[in-house]
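Trainee: Could you take me through one part of this protein's surface slowly? I would like to look closely at the aromatic side chains and what surrounds them.

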Amino acid sequence: MYKKIKDKYLKGINIGIIHGRMDSENKDEAISAFTSGKISVLVSTTVVEVGVDIKEATVILIENAHRYGLSTLHQLRGRVGRAGDKSYAYLAIPDNASSDVKTKMEILKKSNNGFYVAEEDFKLRGPGELLGYKQHGNPDFKIASLTEDRELLFKVKEDVSEILSTDPALDLEKHEVLKSGLYKSLKKDYNILLRS
């Protein structure tokens, strides 16, 4: 892509490149050349998502934006306009993008607030597993929704903290039903829960 941009689309313009396989000396050199104006365009992978602070950057074009999560897209667009100058983030998606992709783009268009973007991302993707390794998708909650029952879940958290502070192993007779229910519903993950 870098070669195509350099030799075809932006021929005659000084262009640099930065990616994760470069050593830090070459990365720093590319960033320095961009900051000083020796190069006008910096082609990059998502390595610039976090920690690269080029205040002079005012335009970012994110190719295949549909392939990234909302958090990554939010971080990438945050790389421009850091000096307060008017800036633009262009998110390129296919013409035939799904309605889910279009919804993601609308969320980003609507707000620059990272908390709002994270909350909307949570609503779209779900929280994943509470125990285990899966980081996306909806868990099979039977009683509550993490997004719709937020206040109830905070109250439950307080109650659980109070119970565990006085009876961490749930050995008291009044907690026997709770302990038994936990064991039955979690079975294979019961030991993981105890360790946490």
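Mentor: Happy to! Let's begin with the rings. There is one aromatic pair here, counting rings of Phe, Tyr and Trp (its six-membered ring) whose centres lie within 6.5 Å. Tyr 88 and Tyr 90 make up this pair, with 6.2 Å from centre to centre and 15° between the planes. The pair counts as stacked, because planes under 30 degrees apart are given that word, while those over 60 are edge-to-face and the rest tilted.

A word on what you are viewing: this is a predicted model, where local features need pLDDT of at least 70 and side-chain atom pairs count only at pLDDT 80 or more, while totals for chains, interfaces and linings use all residues. Residues are numbered from 1 along each chain as its sequence is written, and side-chain values use heavy atoms, with hydrogens and water left out.

Next, how open are these rings? Tyr 88 has a relative accessible area of 39% and Tyr 90 has 44%, so each is partly exposed. For these words, buried means under 20% relative accessible area, exposed over 50%, and partly exposed in between (1.4 Å probe, protein chains only). The areas come from the Shrake-Rupley method with a 1.4 Å probe, and for residues only the protein chains shown count as cover.

Now widen the view. Tyr 88 and Tyr 90 join Val 59 and Leu 61 in a nonpolar surface patch of about 420 Å². A patch is made of residues with over 30% relative accessible area and no salt bridge; nonpolar side chains (Val, Leu, Ile, Met, Phe, Trp, Tyr) are joined within 5 Å, and like charges within 9 Å. A salt bridge, in turn, is a side-chain nitrogen of Lys or Arg within 4 Å of a carboxyl oxygen of Asp or Glu.

Which elements give two or more residues to the nonpolar patch? They are β3 (59-62) and β4 (88-91). Strands (E, at least two residues) and helices (H or I, at least four) are DSSP runs, numbered from the N terminus. Leu 61 belongs to strand β3, and Leu 61 is exposed because its relative accessibility is 53%.

Finally, follow the chain to the loop between β3 and α3 (70-77), where you will find Asn 64. Asn 64 is not a glycine, yet its phi is positive, near 55°. With 31% relative accessibility, Asn 64 is partly exposed.
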